[in-house]
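Here is a short report to read with the structure open beside it. Follow each heading in turn and find the parts as they are named.

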Amino acid sequence: MAPHTQQLTTAPAVAAVPAVQLRGLTRSFDGRTVLDHVDLDLPAGQFTALLGHSGSGKSTLLRAIAGLDHEVVGSGQLTAPDRVSVVFQDSRLLPWRRVLDNVLLGTEGREAAEKGREALAEVGLAGRERAWPNELSGGEAQRAALARSLVREPELLLADEPFGALDALTRIRMHVLLRELWERHRPSVLLVTHDVDEAIVLADRVLVLEEGRIGLDLVIDPEVPRAEYRERLLAALGVTSDSR
Amino acid sequence: MTTSTSRTTDTHDTAASATTTSAPVNTVEGKTAVRRRRRRGLAPGKRLPASRVVGPALFFVLWAVASAAGQLDPAAIPAPWTVLKTAGRLWTSGTLPTDMLTSLERAAYGFALGLTAGVVLALAAGLSRIGEALIDGTVQLNRAIPTLGLIPLFILWLGIGETFKIAIIAIVVYIPIYLNLHAALSGIDHRYVELAEVQGLSRLQFVRQIVIPGALPGFFVGLRLGVTGSWLSLVVLEQINATSGLGYMMFQAQNYGQSDVILVGLLIYGVFGLVSDSAVRLVERRVLSWRRTLSS
């Protein structure tokens, strides 16, 4: 936990070079503005969660940073690191490749294969290298997807509701795993989620996106009771205590 | 006893199976009580052993019995043993092996040509927009014309020899292979395209590691249709425009009223069709082995 607290006290003000820098990022679909001049710095090594209603532009923001928005109208400046990995809501494993070959997708050589095995071991899937994706449970498949993103040693890990399709118990295990992996490898993480508790548990900093802008930017201090953050975030998301 | 009870009614009622293990099951009442708690299964149940041969075997038995009892006119439907005897005679007297070889050759050439054309065109149309614009509409137009209707034109162009037969078979074969492979190639899941981009795959890697393997199931559907199509067109071609081959043999037999020879021809066509289809399915099972894990 020590590096965790330290990270909190130093970030985001002291961080030297931001891993991701957005200036006036605007994206629109069919004339509807989804992102409206978003300015955002993600310091290197920070774990950030991005909350918002469905349709608030969370995924659009993530896809813009990932460089996946080819046919989208937009403007603004965006800098992101070279090595970016994305974890999707579905594991997106290719059913015709065995687990290890899925993890190695886009890499080459014997060295990569060794890294792939290590990554699988790290996510607790040692011994399942030769399994077909169909044989994995939902949680295992998502672990394999995490291993696939780790092999590339990303400077930035983008995760688009990666645990949204998992059951509650598996989700808790995955939270622990993701946090461990982050502490070991220290990529910058941007986790898109609609789960307020997930955001508070995992992230050092929580952003709320509303109407295409960053509406709230909170640094999470583990000393402060979670309920306090929870209240503020829910309020920012328009969920008041009477409506609950 | 316990295991057999829980196996025959394989629903997942844990409470019921707990009863099965704890309760004395050797009493009839105990068993019925357990059974009653299960839902009625809607699945058709376990497959009968050798279920694929039961129907044909029964058919042959009926045929043989009816022939032996003299219920069938031997001139119209000869007995199974007559057909076998005729097959043996035709084989040893020398015409059958060459007829079979000729037919096989035609089907094989036509199929190979059609397969190559189908795959090449589908790849060109499925992997490039220019290829799609040039090829897809043309093939769809070709598909709308019944291929067997092209026979008269092809005879005029290519003569009544082997070339036109092989050309017709090739056209019948290439269409389903093209259609299915092209549909599979262009229908590749968009999520996999995104994945390939994220993983930094090159265009060639993307095609080889994602598009082609993803399109293989569709290709095999087309391949099986193509194999069937090659036999179908062969039968038609050999019966109306041939001077050798199995169809020619059958056509001659029709003129002389030899129904046993016709049945020999049909039998061999049937065996050819069955063997080639099984071969394709075997290859399919091997190549798409990852799919089988779904059922386990």
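## Domains of chain B

The centres of domain 2 and domain 3 of chain B lie 32 Å apart, taken over C-alpha atoms. This is a predicted model, so treat every value as computed. The domain assignment splits chain B into three parts: domain 1 covers 2-36, domain 2 covers 52-77, and domain 3 covers 80-295.

## The make-up of chain B

Which kinds of element does chain B contain, helices or strands? There are 14 helices and zero strands. Read from the N terminus, the run of elements is α-α-α-α-α-α-α-α-α-α-α-α-α-α.

Chain B has 296 residues, and 27% of them count as buried. Now take the contacts in chain B with a separation of 6 or more. Residues 24 or more positions apart account for 71% of these contacts.

## A glycine in helix 12 of chain B

Look for B:Gly247. This residue sits in helix 12 of chain B, which spans residues 246-255. Is B:Gly247 buried or exposed? B:Gly247 counts as buried, because 23 C-beta neighbours lie inside 10 Å. The cut-off for buried is 20 or more.

Next, see what B:Gly247 touches. Leaving aside neighbours within four places in sequence, B:Gly247 is in contact with B:Val235, B:Glu238, B:Gln239 and B:Ala242. Take B:Val235 from that list. B:Val235 and B:Gly247 are 12 residues apart along the chain, yet their C-alpha atoms are separated by 5.9 Å.

## Confidence in chain A

Turn to chain A. Its average pLDDT is 87, and 92% of the residues score at least 70. Residues 1-15 of chain A are another matter: there the pLDDT is below 50. In the model, this stretch has 20 contacts beyond near neighbours in sequence.

## An open sheet in chain A

Three strands of chain A form an open sheet in the order 2-1-4, with antiparallel pairing. Which strands are at the edges? They are strand 2 (32-43) and strand 4 (73-79) of chain A, and each pairs on one side only. From one strand to the next, the twist averages 0 degrees.

Strand 1 of chain A spans residues 18-29. Six bridges pair strand 1 with strand 4 of chain A in the antiparallel sense. To find the pairing on screen, start at A:Thr26, which stands opposite A:Ser75 in strand 4 of chain A.

## A glycine in strand 1 of chain A

A:Gly24 lies in strand 1 of chain A. Why does A:Gly24 count as partly exposed? A:Gly24 has 13 other C-beta atoms within 10 Å. A residue is buried at 20 or more and exposed at 12 or fewer, so a count in between is partly exposed.

Beyond its neighbours within four places in sequence, A:Gly24 is in contact with A:His37, A:Asp39, A:Gly76 and A:Gln77. A:Leu202 is 178 residues from A:Gly24 in sequence. In space, these two are 28 Å apart, C-alpha to C-alpha.

## Strand 6 of chain A

Strand 6 of chain A covers residues 156-160. Five of the five residues of strand 6 are buried, so this strand is largely enclosed by the rest of the structure. A:Leu156, A:Leu158 and A:Asp160 point one way, A:Leu157 and A:Ala159 point the other way, and all are buried.

Strand 5 of chain A, residues 84-87, runs parallel to strand 6 of chain A, and four bridges join them. Here A:Val84 stands opposite A:Leu156.

## Strand 7 of chain A and its partners

Strand 7 of chain A covers residues 188-192 and is mostly covered, with five of its five residues buried. Which residues lie on each face of strand 7 of chain A? A:Ser188, A:Leu190 and A:Val192 are on one side, A:Val189 and A:Leu191 are on the other, and all are buried.

Five bridges join strand 6 to strand 7 of chain A, and the two run parallel. A:Leu156 has A:Ser188 as its bridge partner, and A:Asp160 has A:Val192. Strand 3 of chain A, residues 47-51, also runs parallel to strand 7 of chain A, joined by four bridges. There, A:Thr48 is partnered by A:Leu190.

What do strand 6, helix 6 and strand 7 of chain A make together? They make a right-handed β-α-β unit, in which helix 6 spans residues 168-185.

Note on methods
Residues are numbered from 1 along each chain as its sequence is written. Chains are lettered from A and ligands numbered from 1 in the order in which they are written. This is a predicted model: local features need pLDDT of at least 70, side-chain atom pairs count only at pLDDT 80 or more; totals for chains, interfaces and linings use all residues. Domain bounds come from an automatic or database domain assignment. Two residues are in contact if their C-beta atoms, placed from the backbone, lie within 7 Å. pLDDT is the predictor's confidence in each residue, from 0 to 100. Two strands pair if DSSP finds at least two bridges between them. Axes are lines fitted to C-alpha atoms, for helices over the stretch in contact, and angles run from 0 to 180 degrees between N-to-C directions. A crossover is right-handed if, with the strands pointing away from the viewer, the path from the first strand over the helix to the second runs clockwise.
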